[in-house]
Amino acid sequence: MQKISPYIFPLIITAIVFFLVYRWFESRGEVETLEYGEGIEIENLSESEAADILGGVGDLASTPLEAPEDPEPGQTPGTGSIRYEISEDRVRFSVSAGLSAEDEPYRVWIRTVDQANLTEAFVLTEGKAGYMGTAAVSADLLPLEVIVSAATSEADVFDQVILKGIIEAAQLTEEDAETEEAAETEENAEVEGGQE
């Protein structure tokens with residue numbers, strides 16, 4: 001035991017140092033990934049949900065996708081729109097765009113308006129009416145900026161913006177509209193009752 005005891009303390013210190021270095025490298029990697037704000041959870045829609053939102057079934061709001069004010073040289077501007085529905089604490093949305101076929105594949109990226117998160121939502125697929133794609137996200141993230149880009153990595157998204165638009169949080173759901181209408185009716189009844 002006396003032969004081993006002088007080596008125990010240095011071995012413990014060496015193990016602690018290796019553990020701390022390992023934790024430092026792990027935490028350093030986490031900071032780099034959080035720089036781009038990963039964390040928007042994208043939900044793929046079922047075939048029936050995608051067909052409903054692409055077909056315009058339901059009460060869908062729409063907002064246009066606009067070309068950036070200073071497009072890249074040689075970039076063909078496109079047109080498009082975002083159709084979305086807020087229900088059950090999530091936003092189902094579709095992006096449809098008329099774009100040239102030379103820069104494909106086009107990717108749709110979303111980020112919160114406070115610019116903390118940037119996440120690839122989906123790749124647009126070519127269909128009869130142009131390029132289309134669908135997804136769903138949590139309604140807690142609204143308003144969201146939607147960016148159509150030819151970039152394949154987060155670092156290049158803003159260098160290759162083709163179209164962009166915003167999904168607003170102000171759309172009233174049917175329940176909100178009914179509640180607001182009931183409150184107005186009640187208020188009108190109180191006013192009429194007070195005038196008599």
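This is a short talk through a sheet, two nonpolar cores and some aromatic pairs in one structure.

Okay, before anything else: what you see above is a predicted model, so please keep that in mind throughout.

Let's start with the sheet. It's an open one, built from four strands in the order S5-S4-S8-S9, and the pairing is antiparallel. Which strands stand at the edges? Those are S5, residues 119–123, and S9, residues 161–167. Each of them has a single partner strand, so one side of each has no neighbour in the sheet. If you look at the twist, neighbouring strands here are turned by 25 degrees against each other on average, direction ignored.

Now zoom in on one pairing, S8 with S9. S8 covers residues 144–149, and six bridges join it to S9, with the two running antiparallel. If you want one bridge to click on, take Glu 145, whose partner in S9 is Ile 166.

Right, on to the cores. As a reminder, nonpolar side chains in soluble globular proteins tend to be buried together. In this model, the largest nonpolar core has 29 residues. Which residues have the most contacts inside it? They are Phe 93, Val 95, Leu 99, Leu 124, Val 148 and Ile 167. As for elements, the ones giving two or more residues to this core are S1 (61–65), S2 (79–87), S3 (90–98), S4 (107–112), S5, S7 (130–138), S8 and S9. S3 supplies the largest share, with four residues.

There's another core too, lying apart from that one. It has six residues, including Trp 109, Ile 147, Ala 151 and Val 157.

Last topic, the aromatics. The count comes to three aromatic pairs, and I'll show you two of those. One is Trp 24 with Phe 25, an edge-to-face pair at 4.8 Å centre to centre, with 65 degrees between the planes. Buried or exposed, or something in between? Trp 24 has a relative accessible area of 48%, so it counts as partly exposed. Phe 25, at 45%, is partly exposed as well.

Then there's Tyr 106 with Tyr 131. This pair is also edge-to-face, at 5.2 Å centre to centre and 80 degrees between the planes. Where do these two tyrosines sit in the chain? Tyr 106 is in the loop between S3 and S4, while Tyr 131 is in strand S7, so to speak a link between distant parts of the chain, 25 residues apart. And both of these tyrosines, Tyr 106 and Tyr 131, are buried.

That's my tour, thanks for listening.

Definitions and conventions
Residues numbered from 1 in each chain as written. Predicted model: local features only at pLDDT ≥ 70, side-chain atom pairs only at ≥ 80, totals over all residues. Heavy atoms only, no water. Pairing = 2+ DSSP bridges. Axes fitted to C-alpha atoms, helices over the stretch in contact; angles between N-to-C directions. Core = buried A, V, L, I, M, F, W, Y, C linked by side-chain atoms within 4.5 Å. Buried < 20%, exposed > 50% of the residue type's maximum accessible area, 1.4 Å probe, protein only. Phe/Tyr/Trp six-rings, centres within 6.5 Å; stacked < 30°, edge-to-face > 60°.
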